[in-house]
Amino acid sequence: MPATLIRNAHVYAPEDLGVNDVLIANGKFLAVGKDLNVVLPKLETIDAKGKILTPGFFDQHIHVTGGGGEGGPVSRTPELVLSELVACGTTSVVGVSGTDFITRSIENLLAKVRALSAEGASTWMYTSCYHYPPVSMSESAAKDMFMVPECLGVKIALGDHRSSFPTIDQLIQLLADIRLAGMISGKIGVLHIHSGNLEGEFEMFREVVRRGFPIRHIRPTHCARKEHVFKGAVEFAKAGGYIDITTGGSCCFKSPAEAIMTALGEGVDPARITISSDGHGSKPRFNEKGEMVGLAVCGIECNLETIQKLFREYGQPLERILPFITKNVADSHGLGCQGRVAEGACANALLFDPDLTLTDVFSKGRQMMREKEIIVKGTFEE
Ligand SMILES: [Zn+2]
C-alpha cells in the first residue's frame, strides 16, 4: 500500500487542529503537522485544500450478520456488505446479535467481523444476544472475552418483552464476571444493554451502583427510544455513565439530533454521549395512512445524517459533536488507537466538503472512497 500525504485539510482530530498535512503509511497516521516535508517512494499526494478531515466513524451497534426474525423466518434481515460501511464513513464496527438466540450463532458473528476486517474495516463484537443466561462460544461469556481478541464484552436486553427478564442479582453477577474477565484479558469489559420500552431498567442500574459496582461497565443503548428511558439515561450519564443514542431506530424526539441537544441542555457531559446506528435490524414499513405494509432493513447512514443535522441545523461545532461517533466510542471501549487523528493511531479518516458532504474515506490507511465514488467493495459485491 503506498503512503498517502493529505495536504492542507482542516483537521478535526476530533479537536480542532486547524489546517494541517496528514501523512498515512502502513495503515497508521505517521505525522500530523504544517507543511510536512515528505520524501518516500510511491507517495500519493492529495490536495485537500478547503476540505475537512475527521477520524473515521466508529459504530458500536450494527447487526452485521443481520437481525430481525421476530416475524418468523421470513423477517430475518440480510448480512451487511462492506460498501454500506464505506458509503457513510463507518470505518470501525462492533458487531452485535439481537433477539434471535436460536438460529443466529455467535460463531457466525465472529466469522463476519473477521471477514469485514479482512476486507478493510476495523471490527470487534460482543458475545451473546438478548438472552440470559448469555449465549457464548466457549463455556462462558467471560471466557469468550478472554479467548477472542475481538470480543469486547457481552450483550443483553433489559426492559423488553423479548428479554429474559433477569433479576437484579443475576444482572450484578453477570456484570461482576464481565468486569473480572475484562481485568484478566486486558479489556475494559462492557455489558452492552438493549433498553426496551418497559420501566425499571435504570432503577436496576441505580441499585447495582449503590451496591458498589463501578458504573463504567454498564452501557445502555437505545437511550432515546421512550421518554422514561431518556429520563433515566440522563440521570445515569450525570452519575458518570456512558449513554448511547440510536440514530436509526425508534426515538421519542423529532430526531436523534434533538435527543442529543436535549441531553446536552440538561447538563449531560458531551464526553458521556455516544451514538450508533442499529443498522441491519428490521424495521416496519408504513403506507401514507400509517398502516404497516411490510419490513425494511435499518440502514447505517443515520450516524452521518445525525452529525450533519447537528452541524447544519443546530450549528454545533464539529469538535463538540464528532466525539459522539469517534473518540467517545473508542475511549469507552479502551481502544485508544481508534477514533482520533493522532500519530500512531489507526489511519481511519474521512474527508468532507465544507457543508459536511462526505467525499473520501480511508480505512486502515487504504482509500475506500475517492471523490464520492466507492473504490473498494466487499468480496461478493459487483
Ligand atoms: Zn439492535
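Which residue in strand 7 is the bridge partner of Phe58? Let's start there and work outwards. It's Ser92. Before I go on, keep in mind that what we're looking at is a predicted model.

So, that pair belongs to strands 6 and 7. Strand 7 covers residues 90-95, and 4 bridges tie it to strand 6, with the two running parallel. Zoom out a bit and you'll find an open sheet made of 6 strands, with parallel pairing, in the order 6-7-8-9-10-11. At the edges sit strand 6, residues 57-62, and strand 11, residues 218-221, and each of those pairs on one side only. Going from one strand to the next, the twist averages 30 degrees. Helix 2, residues 106-119, packs on this sheet, where it touches strand 7 and strand 8 (122-127). Compare directions and helix 2 makes about 170 degrees with strand 8.

Okay, on to helix 6. That's residues 227-238, so to speak a 12-residue helix, and from first C-alpha to last it reaches 17 Å, close to the 16 Å expected. Which of its residues are buried? Here's the list: Val229, Phe230, Gly232, Ala233, Val234, Phe236 and Ala237. And what covers them? The cover includes two strands from our sheet's order, strand 10 (190-195) and strand 11, along with helix 5 (201-210), strand 12 (243-246) and helix 7 (256-265).

Right after helix 6 comes Gly240, which takes a positive phi of about 110 degrees. Stay in this stretch for a second, since Tyr242 lies in the loop between helix 6 and strand 12. Is Tyr242 buried or exposed? Buried, because 26 other C-beta atoms lie within 10 Å of its own, and the cut-off for buried is 20 or more. Leaving out residues up to four places away in sequence, Tyr242 touches Arg219, Arg272, Thr274 and Ser332. There's also Arg216: it is 26 residues from Tyr242 along the chain, yet their C-alpha atoms are separated by 7.1 Å.

Now the domains. The assignment splits the protein chain into domain 1, which is 4-55 plus 336-374, and domain 2, which is 57-332. Their centres, taken over C-alpha atoms, are 28 Å apart. Each domain puts residues into the contact: 22 from domain 1 and 22 from domain 2. On the domain 1 side, the elements giving two or more residues are strand 5 (52-55), strand 17 (358-363) and strand 18 (366-370). That side divides into 11 nonpolar, 6 polar and 5 charged residues.

Strand 17 deserves a last look. How many of its 6 residues are buried? 5 of them, so to say it plainly, strand 17 is mostly covered. It has partners too. With strand 16, residues 349-352, strand 17 shares 4 bridges, running antiparallel, and there Leu351 has Asp360 as its bridge partner. These two strands make a hairpin with 5 residues between them, and Leu356 in the turn has a positive phi of about 70 degrees. With strand 18, strand 17 shares 3 bridges, again antiparallel, and Phe362 stands opposite Gln367. That hairpin has 2 residues between the strands, and Lys364 takes a positive phi near 50 degrees.

That's my tour.

Notes:
Residues are numbered from 1 along each chain as its sequence is written. This is a predicted model: local features need pLDDT of at least 70, side-chain atom pairs count only at pLDDT 80 or more; totals for chains, interfaces and linings use all residues. Two strands pair if DSSP finds at least two bridges between them. Axes are lines fitted to C-alpha atoms, for helices over the stretch in contact, and angles run from 0 to 180 degrees between N-to-C directions. Two residues are in contact if their C-beta atoms, placed from the backbone, lie within 7 Å. Domain bounds come from an automatic or database domain assignment. Ala, Val, Leu, Ile, Met, Phe, Trp, Tyr, Cys and Pro count as nonpolar, Asp, Glu, Lys and Arg as charged, and the others, Gly among them, as polar. The expected span of a helix is 1.5 Å times one less than its number of residues. A residue is buried if 20 or more other C-beta atoms lie within 10 Å of its own, exposed if 12 or fewer, and partly exposed in between; C-beta atoms are placed from the backbone.
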